Amino acid sequence: MSAYKSDFLNVLASRGFIHQVSEPEALDELAAKGPITGYIGFDCTAPSLHVGSLLPIMMLHWMQQTGHKPIALMGGGTTRVGDPSGKDESRKILTEADIAANLAGIRTVFDKFLTFGDGKTDAVMVNNNDWLAPLNYIDFLRDVGKHFSVNRMLSFDSVKLRLERQHELSFLEFNYMILQAYDFVELHKRTGCVLQMGGSDQWGNIVNGIDLGRRMANAQLFALTSPLLTTANGAKMGKTAAGAIWLNEDRLSAYDYWQFWRNTEDADVERFLKLFTVLPLDEISRLAALRGQDINEAKKVLATEATALVRGRAAAEAAAETARKTFEEGAIAGDLPTLEIAKAELEGGVAVLGLFVQAGLVTSNGEARRQIKGGGLRVNDTAVTDEKMVLASKDLTPEGVIKLSMGRKRHVLLKPV
């Protein structure tokens, strides 16, 4: 469907957020008439979301910007079960205290993208533990479980893939899709919510909720999924050799976050500008038309705009300036990420391999050795050639630090304390 009547679906389509929509004409008509309520669920398995969750958060952002009411559903209840989608093994069971702490950490990110309040299109954050915890399980099985066919549940990719690989799927996780479907019905009952959005791997689970809503409440509910996000070389978005790209400042510095976006492949620049910034589409087209070395300017704009959304404009511009000083002037910018080391330890000498691992520039001594062979590791801008090299006080620069680098774009300052 090329043109929608509603701003909501038009914006999502033009920026590349739509993979599938159930009954697009009916949803479009409803969204064109006035505010609709829609939600996306987020499990609370860590104290911060990572960049893989940014796409659904942006969908909620645009939903509100186009005059509708977004709900961020925190899976305080479902996190106790674990979503089997895309997982080869059972998730670790978290305590209620862990889940509560994770939820508090996650909340801070949403405040940057959504306006919360009591108004007609103000966002709300709800926790499915509110209705899942008090359930009487026998009654739930009798009233809700009867609407689910085990044959159909076994045909779902999230279940089928686990069984085909002969990985265990616990009965607890098998219940996840029933609970997710029930969330949709419960939100419809409590808030009038008619739309659930999510990644394309959630299509089956969302359609389950639509079906349950029809059976239990005779409600017309809708599904909208976004494409599963991979980079141009086929890697999963947000997974890097150095680990997850966290959204919370206390898990990842603004500089490292900026660098992640700056390192985007040429082929991904236009798509990522549409998905992860709020720049107008004509400005994105101008940037996407840049070629050769000029594409780097587009990458810097992407990095600064994407960082500004999550970490604030000042932090984004400071990160851009740090990068400029480091690469263009060859200077040691004081706001590069730092690793503190005891002065006494440095005086005695410290093995270079371990320091690169501690700094998070490589994941193991083995990887450090491989990088040295390929000329990838540098100390104070000089390539490391000896894997037995030891760093000591004599290696401190006039600024009183040692600069560890992997490649041209990743740096950490070693600082004696």
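The following exchange concerns aromatic contacts, a surface patch and a strand residue in a predicted model.

Trainee: How many aromatic pairs does the structure hold?
Mentor: Two rings pair if their centres lie within 6.5 Å. In this predicted model, the number of such pairs is eight.

Trainee: F42 and F110 form one aromatic pair; is it stacked or edge-to-face?
Mentor: The ring centres of F42 and F110 are 5.0 Å apart, and their planes make an angle of 75°. Planes over 60 degrees apart fall in one class, those under 30 degrees in another. The pair of F42 and F110 is therefore edge-to-face.

Trainee: How many residues apart in sequence are the parts that this pair ties together?
Mentor: F42 belongs to strand β2 (residues 37–43), while F110 belongs to helix α4 (residues 96–110). Both F42 and F110 are buried. Because the two rings lie in these two elements, the pair links parts of the chain whose separation in residues is 68.

Trainee: Which helix holds both F272 and F276, and about how many helical turns separate them?
Mentor: F272 and F276 form an edge-to-face pair, with 5.6 Å centre to centre and 75° between the planes. They are four residues apart in residues 269–276, which make up helix α13. Their separation in helix α13 is therefore about one helical turn.

Trainee: Is F276 buried or exposed?
Mentor: A residue counts as buried under 20% relative accessible area. F272, at 3%, meets that condition. F276 has a relative accessibility of 1%, so F276 is buried.

Trainee: Which residue has its charged end over the ring of Y257?
Mentor: Y257 forms one aromatic cluster with F260, W261, F272 and F276. The charged end in question sits 5.0 Å from the centre of the Y257 ring, and it belongs to R311.

Trainee: At what distance from the ring centre of W246 does R251 lie?
Mentor: R251 is placed over the face of W246. Its distance from the ring centre is 4.3 Å.

Trainee: What is the area of the nonpolar surface patch made by Y137, L141 and F171?
Mentor: L141 is part of helix α6 (residues 137–143). With 36% relative accessibility, L141 is partly exposed, and patch residues must have over 30% relative accessible area. Together Y137, L141 and F171 make a nonpolar patch of about 310 Å².

Trainee: What distance separates the C-alpha atoms of L413 and I402?
Mentor: L413 lies in strand β15 (residues 410–416) and is buried, at 3% relative accessibility. L413 and I402 are 11 residues apart along the chain, yet their C-alpha atoms are separated by 5.6 Å.

Terms used. Residues are numbered from 1 along each chain as its sequence is written. This is a predicted model: local features need pLDDT of at least 70, side-chain atom pairs count only at pLDDT 80 or more; totals for chains, interfaces and linings use all residues. Side-chain values use heavy atoms; hydrogens and water are left out. Patches are made of residues with over 30% relative accessible area and no salt bridge: like charges are joined within 9 Å, nonpolar side chains (Val, Leu, Ile, Met, Phe, Trp, Tyr) within 5 Å. Accessible areas come from the Shrake-Rupley method with a 1.4 Å probe; for residues, only the protein chains shown count as cover. A salt bridge is a side-chain nitrogen of Lys or Arg within 4 Å of a carboxyl oxygen of Asp or Glu. Buried means under 20% relative accessible area, exposed over 50%, partly exposed in between (1.4 Å probe, protein chains only). Rings of Phe, Tyr and Trp (its six-membered ring) pair if their centres lie within 6.5 Å; planes under 30 degrees apart count as stacked, over 60 as edge-to-face and the rest as tilted. A charge sits over a ring if NZ of Lys or CZ of Arg is within 6 Å of the ring centre and within 35 degrees of the ring normal.
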